[in-house]
Structures are given as C-alpha cells and as structure tokens.
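This report looks at one helix and its surroundings, then at a pocket and at two backbone angles.

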Amino acid sequence: MLAIFKKGIVNPPQELNSPASLASSTKPKLPHEILTDFSSSNSFSMTFGDSAALAYSPPQNPFPSHRRSFCGVDDVYCIFLGSLNNICSLIRQYGLSKGTNEAMFVIEAYKTLRDRGPYPAHQVLKDLDGSFGFVLYDAKSGHVFSALGANEGVKLFWGIAADGSVVISDNLELIKGSCAKSFAPFPSGCMFHSSQGLTSFEHPMSKLQAMPRIDSEGAMCGANFKVDKQVRISSMPRVGSEANWALSGSQA
C-alpha cells in the first residue's frame, strides 16, 4: 500500500526529515515519481488533485501473511493491513452489516465519532484486538488519520519526499528509494492525526521521544519514536470534540 500527502495537509515530526538526505547518493523523489514506481498492472490508485494519493496493490501470494483491504465511503477512504480478531463484536457494537470488513469498519467508526460522538480516538484504538495498520483520508475535510497496532504484527514506514510530502507504505524498499535518509518505521501502538500529530494510544498519558537512527553508512536518518514513560503529559487527554478523530484545524 502507498499513501502520499502534500506538505501542509500532514506535518510530520520534524525529526523524520534528515539533513543527510541532501548528501545521500539516493535522492528523494517527487510524489508522481513514487506513485509511478509503485504502480503495476494489478494496482489501483486514486489522486485528489495535488493534495493526496492513495494506491493499493493486492498481494501476489494467494495466502498472504496479512490481509489487505481498501474502501471508500462518502469521500472517506481507508487502506487497512492485517485483521481484527474482534471484528464481529465491533460490527455489532457499531450496528454495521455482517459483511463489513476492517477497512469499512474503520471508516464507519471514524464517521460515527466525527458526526455523533466526541470520543477519544485512543480509547477506540485500544479496543481493536489484532494485528493492524491503516491509513484513512477524509477528502472533504483534508484530514489524515493513521495508526499501527501495538503487537508489531504489521509494519508501516513513513518518510519525506523531495517536495516535503509525507509518504506512508508497508514497502520498506519503496520508502528507502523514495525518501533517501528521511524515513523511519511508523511506531507501533501509535496514531497520527493531521491536526494532533503523533501520539501513543497505548500510553496516552506519556510523551513520545525521538531517538536518532544511524544507518550502516554512519549517516543520521529519520528518528525512531519511543514512548517515554518517565515523562507524563500534564493533563488527561480530552474527551470532547477536540479529541475527536475528525478534529478540525480550527480546533487545534
């Protein structure tokens, strides 16, 4: 899977952008070049002007280690990797149809929280049992929401393209070739919202610490992000509309 979001729509942690990219033999690429590299005869992609692009390619292996699903409902789009062990109970909880898959569930949960209930996203994500990672894009509001399960069963990576766009993919080689030194693993047990930034849903009261990454050439790459349990957030995460998945820029 591949997701690309223009700078300004998504503002990633500054530690993700490495100055070593400028001196690297591999130069960062532009979004259209990255999308071309990903595209194949059986891939599917959507672009949203110059703001965002989503691409999905079904697994070549008939028995993949992780399922993949893509769905779009009412201008909200989601690419989901992995599976949820409790999908049936979640479907009942949200009153969804029995044929709902994981990508559809994430969209419907997002829409429910956006439109009806100001619940904190970290609590919703903690209720998801399984190995998962997803990227959601709300094309109407321009909001991006991504999360990765805490059990590290699914891997996601993110980096910075040549124009400052954020690139997210499960394909490490694609990220390396697209973002030069400005990339890192997406931290497990964490969520990223385009308005709220990167936070831990496993430990919402603890801050994230950026740990510099050094590659085999001795160059500093984009940082790893780890929960610092010794440094506490001064207040409890809000449970009103400002903690909603659909937090608007005007509320930030």
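## Helix α3 and its surroundings

In α3, the buried residues (under 20% relative accessible area with a 1.4 Å probe, protein chains only) are Glu102, Ala103, Phe105, Val106, Ile107, Ala109, Tyr110, Lys111 and Leu113. This is a predicted model, in which local features need pLDDT of at least 70 and side-chain atom pairs count only at pLDDT 80 or more, while totals for chains, interfaces and linings use all residues. Residues are numbered from 1 along each chain as its sequence is written, and side-chain values use heavy atoms, with hydrogens and water left out.

Helices (H or I, at least four residues) and strands (E, at least two) are DSSP runs numbered from the N terminus. Helix α3 covers residues 102-115, and its 14 residues reach 20 Å from the first C-alpha to the last, close to the 20 Å expected at 1.5 Å a residue, where the expected span is 1.5 Å times one less than the number of residues. At the start of α3, a side-chain oxygen of Asn101 comes to within 3.2 Å of the backbone nitrogen of Ala103.

## Positive phi angles

Two residues other than glycine are listed here with their positive phi values.

| Residue | Phi | Loop |
|---|---|---|
| Asp74 | near 50 degrees | between β4 and β5 |
| Ala180 | about 55 degrees | between α5 (172-179) and β10 (183-185) |

Ala180 is buried, with a relative accessible area of 5%.

Key
Buried means under 20% relative accessible area, exposed over 50%, partly exposed in between (1.4 Å probe, protein chains only). A polar contact is a pair of N or O atoms within 3.5 Å; within protein, one must be able to donate a hydrogen and the other to accept it, and residues adjacent in sequence count only if both atoms are side-chain atoms.
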